[in-house]
Amino acid sequence: MMTIKQIDVTVRDIVDGYVDNEEQGVRGYGGKLDIRPPYQREFIYSDAEQQAVIYTVMHNYPLNVMYWVKRSADAECPYEVMDGQQRTLSLCQYVAGYFSVDFKNFFNLTPDVQKQILDYRLTVYVCEGPESEKLEWFKTINIAGKPLNEQEIRNAIYAGPFVSDAKRHFSKNNCGAYRLGKDLVSGTPIRQDFLKKALEWMAQHETRMGKPQTPTGYMATHQHDPNANNLWTYFQNVLNWAITNFDQRKFRTIMKGLDWARLYDDYASQTLDVAALHKEISRLMMDSEVQKKTGIIPYVLTRDEHFLDLRSFPDDIKLAVWERQQHVCPRCHKAFDIALMEGDHITPWRDGGRTTEENCQMLCRECNRRKGAK
């Protein structure tokens, strides 16, 4: 059963044992609080936001509620900041002398003001219980400050050796995942976009292999794994296949954000005629009929025209053809209102047909569906 309890914490408690380095991450609360685990998102508060935290404490105004999560038994330290990371870092860095407020750092303050800051009481709630319940609770709380996104919440809920190692590969500026996939995967590592995508791809892969899975389920299953090597290996395999078969120099503008994992799973076992594919891709990029250029690579592999969002006939052409046909569908020979008819390419696009009045016929919906199903 999940429990949520308030604990008595002061700034003095938080800054006790404060350390910030590449290997340990950021620790406080006597070494018991993981403020920013290694390779989690970087400090993102502006100078003004950082100073506002200190002003709030100096004037004894209430600082927004912070949330911690009680980690699993095998975690290196017992608590992790769930919400309030930026505020906590601001407090620790100010007391450590990293920045000044009104041209004074903490060590320039009079002893009574220092004591007032250190004795300031923070409102902290600690959540402990089953991962699934914690996940639902953190999704519903009103998170203040710099909102945590879905993957950052998952990282806190399923903290452990798997997440720590995954962050090493996916969650740091210029990490391995970013260097490999910066032109293929959307987002930024420090907001967990690369880790989120890797988990989505792995969950889809396992589902296609007959083991239904979700990103959250995968993290829960592997929370206590000693590392994230399988996830990292699959991610590398997917993107290396994409880089090998599609020229980033030529096709960079249409490669970012594709579902590379699905294409990899479906086609990696095949030997592709890369030269022929590149020639076709170049031609399609110049084809004005193709409205969605990012669908070209999926199309040349699947031959599914829906990826291309091909041009449809504009209303003026459809009206002219409908009038010319005297409102009659040429297939079933029945008359219809224009609202019940659809523009159809007489010669399909794949056979060289264009979206012109000469290549248009108005079919009733039923006849158009039957033709499209052939």
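1. In this predicted model, Arg 370 and Glu 366 are joined by a salt bridge in which the closest N and O atoms are 3.3 Å apart. Both residues belong to helix α17, which spans residues 365-373, and they sit four residues apart, or about one turn of the helix. Arg 370 is exposed, having a relative accessible area of 52%, while Glu 366 is partly exposed, with a relative accessible area of 46%.

2. A salt bridge between loops deserves its own point: Asp 287 pairs with Arg 354, and the closest N and O atoms of this pair are 3.1 Å apart. Asp 287 lies in the loop between α14 (274-285) and α15 (296-302), and Arg 354 in the loop between β8 (341-345) and β9 (360-364), so this salt bridge ties together parts that are 67 residues apart in sequence. Asp 287 counts as buried because its relative accessibility is 8%, under the 20% limit, whereas Arg 354, at 34% relative accessibility, counts as partly exposed.

3. For the reader who wishes to look at a buried pair, Asp 34 and Arg 27 are both buried, and their side chains meet in a salt bridge with an N to O distance of 3.5 Å. These two residues also take part in a network of salt bridges that links Arg 27, Asp 34, Arg 71 and Glu 80.

4. As general background, side chains of opposite charge can pair when their charged atoms come close. The pairs described above are examples from a structure that holds 28 salt bridges.

Definitions and conventions
Residues are numbered from 1 along each chain as its sequence is written. This is a predicted model: local features need pLDDT of at least 70, side-chain atom pairs count only at pLDDT 80 or more; totals for chains, interfaces and linings use all residues. Side-chain values use heavy atoms; hydrogens and water are left out. A salt bridge is a side-chain nitrogen of Lys or Arg within 4 Å of a carboxyl oxygen of Asp or Glu. Buried means under 20% relative accessible area, exposed over 50%, partly exposed in between (1.4 Å probe, protein chains only). Helices (H or I, at least four residues) and strands (E, at least two) are DSSP runs, numbered from the N terminus.
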